[in-house]
Amino acid sequence: MDYPKLKRLALNDEGFIFDPLTGNSFVANATAQVALQVIREGGGIAGAAAKICQDFDVSPEQAEEDLRELLAQLSLEKLV
């Protein structure tokens, strides 16, 4: 799945995510920041899950589940 809205979001090093078109914002933890950056760069959920596994020592299943939860939350906030 593609997330074109992610490309317009402002992300900073502290995890603050801001949509300049809607004014919606969200604060992400370090894992979510890594995931969102990979997805923004075209790596998709699989690429983000692999990066999370590499950087944070979690199972692929846990990484994918966490990513789906993150994207669901961002969807509720109308950020993706």
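Start by selecting A63, L67, L70, L71 and L74: these residues of helix α3 are buried, where buried means under 20% relative accessible area, exposed means over 50% and partly exposed lies in between (1.4 Å probe, protein chains only). Helices here are DSSP runs of H or I with at least four residues, strands are E runs of at least two, and both are numbered from the N terminus.

Before going on, a word on what you have open. This is a predicted model, where local features need pLDDT of at least 70 and side-chain atom pairs count only at pLDDT 80 or more, while totals for chains, interfaces and linings use all residues. Numbering runs from 1 along each chain as its sequence is written, and side-chain values use heavy atoms, with hydrogens and water left out.

Now turn the view so you look down the axis of α3. The buried residues fall within an arc of 95 degrees, so they line one face of the helix; the arc is taken from the directions from the helix axis to the C-beta atoms. Spin to the face turned away from that buried side and pick out E61 and L76, which are exposed.

Next, show the whole of α3. It has 17 residues and reaches 24 Å from its first C-alpha to its last, close to the 24 Å expected at 1.5 Å a residue. That expected span is 1.5 Å times one less than the number of residues.

What covers the buried residues of α3? Color β2 (16-18), β3 (25-27), α1 and α2 (44-56), which are included in the cover. Contact here means heavy atoms within 4.5 Å.

Stay with α1 (residues 30-40) for a moment. Its axis and that of α3 (residues 60-76) come within 11 Å and cross at roughly 80 degrees, which makes α1 roughly perpendicular to α3. Angles of 65 to 115 degrees count as roughly perpendicular; axes are lines fitted to C-alpha atoms over the stretch in contact, with angles from 0 to 180 degrees between N-to-C directions. To see the contact, select A32, A35, L36 and I39 of α1 along with L67, L70, L71 and L74 of α3.

Last stop: two backbone spots. Most residues other than glycine have a negative phi. Go to D57, in the loop between α2 and α3, where phi is near 55 degrees, a positive value. D57 is exposed, with a relative accessible area of 73%. Then jump to K78, just after α3, with a positive phi of about 60 degrees. K78 is exposed as well, at a relative accessible area of 53%.

Note on methods. Angles under 35 degrees count as roughly parallel, over 145 as roughly antiparallel, 65 to 115 as roughly perpendicular and the rest as oblique.
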